[in-house]
Amino acid sequence: MKKVIYPGTFDPVTYGHVDIVKRAVDLFASVVVTVAVNPTKQQLFTTEERVNMLNDSLIGYNTVTVDSFEGLLVDHAKEVGATGIIRGLRQVSDFEFEFQMALMNRKLADDIATIFLMPHEKYTYLNSTIIRNLASLKADVSDFVPPIVQEALKKKFG
Ligand code: COA
């Protein structure tokens, strides 16, 4: 498999996401990290801000590109020529939703496989909501997010 796509909301990107990207880079020739434009999920950062933060956090990864998509993930995967979807599995509780999504995506596009990667254990309890909550309470999030995200969170929460 040459090209894979790693979708997510990335509101904002954390070191847990970066860890997954690094693992995908080691396995595949090219990785497209794609920000989901999801009108039903309330977001702190705009799509453009999320794309910019990902680009900055992934500087030096020459086989990675960042973009965004609206609509069906499998359609976007086909547009960019990806034959695999990368998803991170942090804990057992992720499994049910991920299993359902992987099977639905396979039903929609049988030629696109979902590949699950596990982040380092130290990131298994991370998600973007916790980061937003911590930052809104002025907690130090430097262990969890890249510097550009720390700065952006400071600006949002004053
Ligand atoms: N490290 C840290 N946090 C992680 C993580 C990791 N490695 N992997 C996931 N997370 C967190 C995310 O930050 C996010 O946190 P939040 O809910 O607090 O914001 C949460 O886990 C969910 O992850 P995410 O990848 O953003 O999933 P999602 O459920 O928001 O989005 C899409 C999933 C966008 C891929 C999916 O909805 C999609 O494909 N949508 C397009 C429509 C479509 O094709 N539908 C048919 C498919 S069934």
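**Salt bridges and burial, step by step**

Tutor: Welcome! In this predicted model, Arg 90 is partly exposed, with a relative accessible area of 33%.

Student: Why is Arg 90 called partly exposed?

Tutor: Buried means under 20% and exposed means over 50%. Arg 90 has 33%, so the value falls in between and the residue counts as partly exposed.

Student: What makes Arg 90 and Asp 94 a salt bridge?

Tutor: Their side chains come to 3.0 Å, N to O. The rule asks for a nitrogen of Lys or Arg within 4 Å of a carboxyl oxygen of Asp or Glu, so this pair qualifies.

Student: And Asp 94, buried or exposed?

Tutor: Asp 94 is buried, because its 11% is under 20%.

Student: How do you know that Arg 87 and Glu 98 form a salt bridge?

Tutor: Their N to O distance is 2.8 Å, which is within 4 Å, so the rule is met. This pair links distant parts of the chain, with Arg 87 in strand β4 and Glu 98 in helix α4.

Student: Why are these two called buried?

Tutor: Arg 87 has 17% relative accessibility and Glu 98 has 5%. Both values are under 20%, so both residues count as buried.

Student: What makes Lys 154 exposed?

Tutor: Its relative accessibility is 53%, and over 50% means exposed. Its salt-bridge partner at 3.8 Å, Glu 151, has 43% and is therefore partly exposed. Both lie in helix α6, about one turn of the helix apart.

Student: How many salt bridges does the rule give?

Tutor: The count comes to six.

Definitions and conventions: Residues are numbered from 1 along each chain as its sequence is written. This is a predicted model: local features need pLDDT of at least 70, side-chain atom pairs count only at pLDDT 80 or more; totals for chains, interfaces and linings use all residues. Side-chain values use heavy atoms; hydrogens and water are left out. Helices (H or I, at least four residues) and strands (E, at least two) are DSSP runs, numbered from the N terminus. Buried means under 20% relative accessible area, exposed over 50%, partly exposed in between (1.4 Å probe, protein chains only).
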